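Work through the exercises below with the sequence and the coordinates open. Each task is followed by a solution in steps.

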Amino acid sequence: MDLSLILLAGIFLIPLLVSLFLFSLRKKLSDTTIAALGVGASLITFILSLIVFIKHFNHSPLEYSYQWITLPGVSDISTGIFLTNISLIMLLLVSGISLLVQVFSIEYMKGDTGYGRYFAYLSFFTFSMLGIISTNNLLIIFVFWELVGFASYLLIGFWFSKHSAAQASKKAFIVNRIGDIGFLLGILIIWSVFKTLDIKELSVLINVSSGTVHSSLIFFAGLGLFAGCMGKSAQFPLLVWLPDAMEGPTPVSALIHAATMVAAGVFLLARIFFILDLDVLTVIAFVGAITAFMGGVAALKQYDIKKVLAYSTISQLGYMVMAMGVGAYQASFFHLITHAFFKAGLFLCAGAIIHALHKSSHHIKGLHFDAQDMRLMGGLRKDLPFTFIIYCITAAALVGIPFTSGFLSKDAIIANAITWSNVMSDRIGFISYLVPLLALITIFLTAFYMGRQIILVFFGESRSKEHLPKDEVLKIKENPWPINLPLIVLGVFSFFFIFSLNPFNPEHSFLFKSLGKELSLSSPLFENRDIIITEINHRLPDFHLMTLTLSLILIATGLGLAIKKYYKKEIIKEQKDIFLSKLSFNNWYLDVIYQKTVLKFVDHSAEFVNKIDRKIIDSVVHFVGYFTVIFSLVTHFIDKVLVDGLINFSVIITGRVGVLARSFQGGKVQYLFVVAVLSLILMIFLIAF
Amino acid sequence: MIPIEHFLYIGAALFALGIVIIITKKNAIMVLMGIELLLNAANINLVAFSRHDPSIQGQFFALFVIVVAAAEASVALAIVLRVYDHFRTAELNKIKDLQE
């Protein structure tokens with residue numbers, strides 16, 4: 001046990017220390033040193049993660065607990081490590097993809113002035129993400145949650161001198177924060193009900209306590225925790241930050257906004273799954289399905305290559321969340337893993353394309369060429385064949401074509417969704433069928449927009465000629481090895497054989513079985529949920545064939561339509577004026593809606609509070625000021641007239657008395673004589689009496 | 001026989017008159033007159049008490065007092081003359097050089 005803890009300490013500390021080191025010395029080190037340090041540290045972290053994984057996978061969880069805060073009268077808060085199977089898998093995933101992204105960035109970020117800052121931020125992100133995965137305490141998860149949000153802010157706004165990038169990073173952080181309000185409320189409710197935030201203790205307490213706990217409290221706690229997931233994993237209505245986050249460098253988008261950070265929300269749901277009761281899960285299922293649908297629709301009309309992938313990520317995250325909601329715990333997590341690989345692969349391929357296009361236009365002076373605009377691409381199949389192949393493989397995994405990894409995970413999710421709606425229709429009626437309906441439509445949409453993207457980018461003729469000066473050609477070449485190596489790895493991991501030997505049914509794979517060990521669903525508190533889940537597992541095999549055929553039909557239809565519309569068309573006619581087109585392109589006008597409602601409300605509240613501040617609070621301050629001045633004048637008066645007057649009075653009296661006494665020295669002889677006589681009489685009286 | 005108190009009353013009255021004259025009179029010579037009256041009042045007292053004394057010491061003392069009064073009056077007049085030479089006035093309330 002102890003060796004693992006030491007390794008874990010290394011896994012945490014190496015990225016953190018490298019990050020601090022690189023950040024402080026970023027101006028003094030050469031680019032090669034920075035890259036070597038960053039990638040080297042990443043490699044070591046990955047190897048250590050691998051060792052820990054091999055030692056502890058499918059064994060009892062690795063645990064370590066440390067008493068952090070002792071509060072009198074209340075139970076203590078402890079922090080520590082709690083690595084179960086899902087954490088171990090995520091450990092490998094995060095460190096592995098971080099390594100690949102850093103290798104990719106050696107070439108991609110070459111020549112950028114912020115080279116050292118970039119690698120420092122990436123290492124810091126890795127550290128924060130590993131923190132979320134390994135800890136056993138909800139509060140510490142929250143701490144690392146915020147750190148990950150901060151790392152994302154730094155990385156999205158990496159080129160902060162660009163106004164849109166700075167705005168996007170702020171937007172991401174603020175929208176995230178809104179979700180975190182709910183998260184914190186959920187944590188507080190759990191603390192007040194169960195008096196502990198330790199995940200292991202909670203799972204024990206859940207099994208023990210029964211009718212003593214109010215069911216509505218559990219509902220709101222679950223909802224609150226899901227709100228955190230909504231913010232981080234870009235669910236509706238908090239999905240507006242992810243498209244804007246594409247302002248960051250493409251490897252960052254690959255690491256954070258495809259593979260790892262956005263998956264943190266789904267990971268959280270997996271961790272706390274035992275606390276979520278049936279009503280929360282139903283809400284989660286609907287939110288996930290709606291998000292998947294919205295993301296798919298919005299991807300249809302984008303012309304920026306990264307925006308399509310961003311909306312695709314939103315859509316796939318919707319799938320994962322929906323899968324959690326329908327109780328398909330293993331399928332959801334499985335999709336998280338496969339999605340990490342193929343989405344990171346897609347993003348890195350897009351990065352390779354952007355990088356190649358940038359380099360190809362360097363020799364043309366004064367050209368403002370948006371390398372991300374798909375309308376300027378075309379025919380890249382001939383110039384970048386290797387990238388094309390990897391792109392096709394990863395896109396196939398995204399769409400869910402058989403023999404890829406994505407097919408397995410998506411199939412599992414859809415099957416579970418259909419079964420769920422079947423079981424739930426007895427409880428909530430026909431509306432439960434909306435969930436799988438949206439999911440199936442999204443399969444069609446996914447096939448369509450990916451087909452559209454591949455055709456626009458790789459097929460046809462290059463459309464950049466209109467934007468170039470006369471007689472100039474783009475010299476597009478394949479990229480060097482730091483870019484291609486991660487692409488190969490990610491492409492390989494998009495196939496089925498890594499995850500399951502059976503290309504059509506993942507349920508017997510080692511992965512699936514290992515994920516199932518997490519749950520111990522036997523709490524009397526969640527009877528409803530457990531009944532539904534067992535029922536789903538019971539009926540699941542009936543819907544397998546239906547799912548398979550439906551998905552294949554939808555994929556074929558989607559791809560076919562895309563080919564019909566876009567393949568071998570000279571001029572790409574996209575009707576921009578139809579309302580549906582505009583709806584898709586503007587992301588359901590969510591940004592506009594938020595601007596007009598929420599932001600307007602916030603602005604008005606700020607103005608109102610400002611008015612109160614100036615009129616009421618400032619006038620109080622003015623009043624106090626005036627009062628002080630008047631009071632000081634009164635005091636002045638009292639001081640000058642009364643106090644000084646008193647003194648003057650006593651002085652005058654003393655003067656008069658002195659004059660009187662002095663009058664005896666008047667120089668008049670007769671006064672002296674009077675005094676002598678009076679003293680004589682006085683003495684006679686004294687002696688006589 | 002005249003009771004001795006009558007002589008003492010007269011002596012006291014003359015003494016008081018003498019003090020009043022000294023205090024109230026402006027002219028320096030009038031003050032001297034007051035002093036003489038003072039001394040004579042004292043003489044009356046002395047003689048009155050010598051009636052009961054066979055060695056009539058009081059009367060002898062009174063003779064001495066008269067002689068001393070005469071001498072003192074001449075010295076005082078000489079001083080008043082000198083004061084008049086200096087201050088050009090014999091009025092006491094105008095001689096204020098010792099005033100603060």
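**Overall make-up**

Chain A has 25 helices and two strands, where helices (H or I, at least four residues) and strands (E, at least two) are DSSP runs numbered from the N terminus. Residues are numbered from 1 along each chain as its sequence is written, while chains are lettered from A and ligands numbered from 1 in the order in which they are written. The model is predicted: local features need pLDDT of at least 70, side-chain atom pairs count only at pLDDT 80 or more, and totals for chains, interfaces and linings use all residues.

**Exercise 1. Describe the dimensions and burial of each chain.**

Step 1. Take the radius of gyration over C-alpha atoms and set it against the globule rule, 2.2 Å times the number of residues to the power 0.38. For chain A the radius is 37 Å, against a value near 26 Å for a compact globule of 689 residues. For chain B it is 17 Å, against a value near 13 Å for a compact globule of 100 residues.

Step 2. Fit boxes along the principal axes. The C-alpha atoms of chain A fill roughly 145 × 75 × 55 Å, and those of chain B roughly 50 × 25 × 20 Å.

Step 3. Count burial. A residue is buried if 20 or more other C-beta atoms, placed from the backbone, lie within 10 Å of its own, exposed if 12 or fewer, and partly exposed in between. Buried residues are 47% of the 689 in chain A and 11% of the 100 in chain B.

Step 4. Look at contacts, meaning pairs whose C-beta atoms, placed from the backbone, lie within 7 Å. In chain A, 82% of contacts between residues at least 6 apart in sequence join residues at least 24 apart. In chain B, 49% of the contacts with a separation of 6 or more are between residues 24 or more positions apart.

**Exercise 2. Locate the largest nonpolar core and the helix that contributes most to it.**

Step 1. A nonpolar core is a set of buried Ala, Val, Leu, Ile, Met, Phe, Trp, Tyr and Cys residues joined through C-beta atoms within 7 Å. The largest one has 206 residues, and A:M322, A:A344 and A:I353 have the most contacts inside it. Helix α14 of chain A (residues 329-360) supplies the largest share, 19 residues.

Step 2. Follow one member outwards. Beyond its neighbours within four places in sequence, A:I353 contacts A:I305, A:L380, A:L384, A:T387 and A:V457.

Step 3. Examine another helix for burial. All eleven of the eleven residues of α11 of chain A (residues 261-271) are buried, so this helix is largely enclosed by the rest of the structure. Among them are A:F267 and A:R271.

**Exercise 3. Work out how two helix pairs pack.**

Step 1. Axes are lines fitted to C-alpha atoms, for helices over the stretch in contact, with angles from 0 to 180 degrees between N-to-C directions. The axes of α10(A) (residues 250-259) and α14(A) come within 9 Å and cross at roughly 165°. The contact includes A:A254 and A:A258 of α10(A) and A:A344 and A:F347 of α14(A).

Step 2. Classify the angle: under 35 degrees is roughly parallel, over 145 roughly antiparallel, 65 to 115 roughly perpendicular and the rest oblique. The pair α10(A) and α14(A) is therefore roughly antiparallel.

Step 3. Repeat for chain B, which has three helices and zero strands. The axes of α1(B) (residues 4-24) and α2(B) (residues 28-50) come within 8 Å and cross at roughly 165°. That makes these two helices roughly antiparallel as well. Their contact includes B:L14 and B:G18 of α1(B) with B:G34 and B:A41 of α2(B).

**Exercise 4. Find backbone exceptions and state their surroundings.**

Step 1. Most residues other than glycine have a negative phi, and most peptide bonds are trans.

Step 2. Inspect the loop between α8 (215-232) and α9 (241-244) of chain A, where A:P237 is found. A cis peptide bond, with omega about 0°, joins A:F236 and A:P237. A:A234 is in the loop between α8 and α9 too, and has a positive phi of about 55° although it is not a glycine. A:A234 counts as buried because it has 30 C-beta neighbours inside 10 Å.

Step 3. Turn to B:R88, in the segment after α3 (57-87) of chain B. Its phi is near 60°, a positive value in a residue other than glycine. B:R88 is exposed, with 8 other C-beta atoms within 10 Å.

Methods: Contact = placed C-beta atoms within 7 Å.
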